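Please find below a note prepared for a colleague who is beginning to read protein structures. It should be read beside the sequence and the 3D view.

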Amino acid sequence: MATVGFIGSGNIGSTVARLAVEAGHQVVLSNSRGPGTLADTVAELGPRASAATSEGAAAAGDIVVVTVPVKAFPDLPAGPLAGKTVIDTCNYGPERDGHIPELDSESLTSSELLLRYLPGATVVKAFNNIFFKHLLSLARPAGAPGRSYLPIAGDSAQAKAAVTEFIGSLGYGVVDAGPLADGRRQATGTPVWGTPYGPYSDEKGRPADEEAIRAALAAATR
Ligand SMILES: NC(=O)c1ccc[n+]([C@@H]2O[C@H](COP(=O)([O-])OP(=O)(O)OC[C@H]3O[C@@H](n4cnc5c(N)ncnc54)[C@H](OP(=O)(O)O)[C@@H]3O)[C@@H](O)[C@H]2O)c1
C-alpha cells in the first residue's frame, strides 16, 4: 500500500482520496486554505486520512495527485515534488483559469505546462477525462463485470507502471495513451473526455471498457 499526497482536495481530489482509502492506501490531503479547513473531509475518510500543507502532502506522497485549477500551477511546491511521480488530473478552462497563450495556441498541453513548473517531477496525466461522480460510481474490482478504463499519458514507463497499479487498486483498468504530449488526445472536448462514461445528468455513469477508450482516443483529431 502507498501513501498518496493530494494537492487540491475538491471534487476530483476528494473522490480519488476516497477510492484510495477504500483500497487501503494512506492519503494526505491539502488545499489552498490550510489543513484545518480539511478536518471534516479527513474525519469522513477515517484513520487512513490526514491533512497537511501542500508542501507536507507533496513530501509525504509516494505518488502525489495534483488536482487544482491550472491557474494555481505557479503556486505548487516544486521542491518537495522533485523526484516524485505526480498524477495530473487538471483541465484548462480560460473561463476559470484566465487565458494562457501556450494553451490557447495548443503549442503545449496543460500537463507539459505543469512539468515546466515542476521540472524535477515525473508527470502522468490521468483522471482528467471523467466526471468525479462517475469516477466514484464506476469503480469495480479487477475481474468484475463492467470494469471501466481510464487513459493515461506520460513519458516514463516506470511512472506509468506505478500509476497503472495505483489506478488498478482503485477499481479501473488503464489504456496507455502515449507520451505526455499525447495528453492532448484526452483533453477537454476530445471524444474520450466525459462522453464514454455517459451524460453528467446520470450520476451513476455508464461503464466504458478498454475497447471503447481505445476507440475514443483514436478518434481524437488533435
Ligand atoms: N470536477 C470534475 O469532475 C473533474 C474531472 C476531471 C478533472 N477535473 C480537473 O481537476 C482539477 C480539479 O477539479 P475539481 O473539480 O476537483 O476542482 P475544485 O472542486 O474546485 O477543487 C480545487 C481544489 O484545488 C485547491 N487549490 C486551488 N488553488 C490551490 C493552490 N494554489 N494550492 C493548493 N491547492 C489549491 C482548492 O483548495 P481551496 O478550496 O482551499 O481553494 C481545492 O481543494 C481541475 O483542473 C479540473 O478541471 C475536474
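The points below take up the ligand, the core, one helix and two single residues.

1. Status of the model. The structure is a predicted model, and the remarks that follow should be read with this in mind.

2. Surroundings of the ligand. There are 24 residues around the ligand, and those that come nearest are Gly8, Gly10, Asn31, Cys90 and Asn91. By character, the shell divides into ten nonpolar, twelve polar and two charged residues. Helix 1, which spans residues 11-22, gives the most to this shell, with three residues.

3. The largest nonpolar core. This core holds 64 residues. The members that touch the most others are Phe6, Val27, Leu29, Val64, Val66, Ile87 and Leu150. Helix 1 gives the most to this core, with five residues; helix 1 also gives the most to the shell around the ligand.

4. Contacts of Val64. Val64 is one of the core members that touch the most others. When residues up to four places away in sequence are not counted, Val64 touches Gly5, Ile7, Ala57, Ala58, Leu81, Lys84 and Val86.

5. The two sides of helix 10. Helix 10 covers residues 210-218. Its buried residues are Ile213, Ala216 and Leu217. These three lie on the same side of helix 10, because they cover an arc of only 100 degrees around the axis. The general rule is helpful here: an α-helix has 3.6 residues a turn, so residues three or four places apart point the same way. On the other side of helix 10, Glu211 and Ala218 are exposed. The cover over the buried residues includes strand 7 (148-154) and strand 8.

6. Tyr200. Tyr200 is placed in the loop between strand 8 (172-176) and helix 10. Is Tyr200 buried or exposed? Tyr200 counts as exposed because it has 11 C-beta neighbours inside 10 Å, and a residue is exposed if it has 12 or fewer. Tyr200 and Lys133 are 67 residues apart along the chain, while their C-alpha atoms are separated by 8.3 Å.

7. Ala60. Ala60 belongs to helix 3, residues 54-60. Ala60 counts as partly exposed, because it has 19 C-beta neighbours inside 10 Å and a residue needs 20 or more to be buried. Leaving aside neighbours within four places in sequence, Ala60 is in contact with Thr3, Gly5, Val28 and Ala52. Gly5 is also touched by Val64. The C-alpha atoms of Ala60 and Gly189 are separated by 34 Å, and the two residues are 129 residues apart along the chain.

Definitions and conventions:
Residues are numbered from 1 along each chain as its sequence is written. This is a predicted model: local features need pLDDT of at least 70, side-chain atom pairs count only at pLDDT 80 or more; totals for chains, interfaces and linings use all residues. Helices (H or I, at least four residues) and strands (E, at least two) are DSSP runs, numbered from the N terminus. A residue is near a molecule or strand if its C-beta atom, placed from the backbone, lies within 6 Å of it. Ala, Val, Leu, Ile, Met, Phe, Trp, Tyr, Cys and Pro count as nonpolar, Asp, Glu, Lys and Arg as charged, and the others, Gly among them, as polar. A nonpolar core is a set of buried Ala, Val, Leu, Ile, Met, Phe, Trp, Tyr and Cys residues joined through C-beta atoms within 7 Å. Two residues are in contact if their C-beta atoms, placed from the backbone, lie within 7 Å. The arc is that of the directions from the helix axis to the C-beta atoms.
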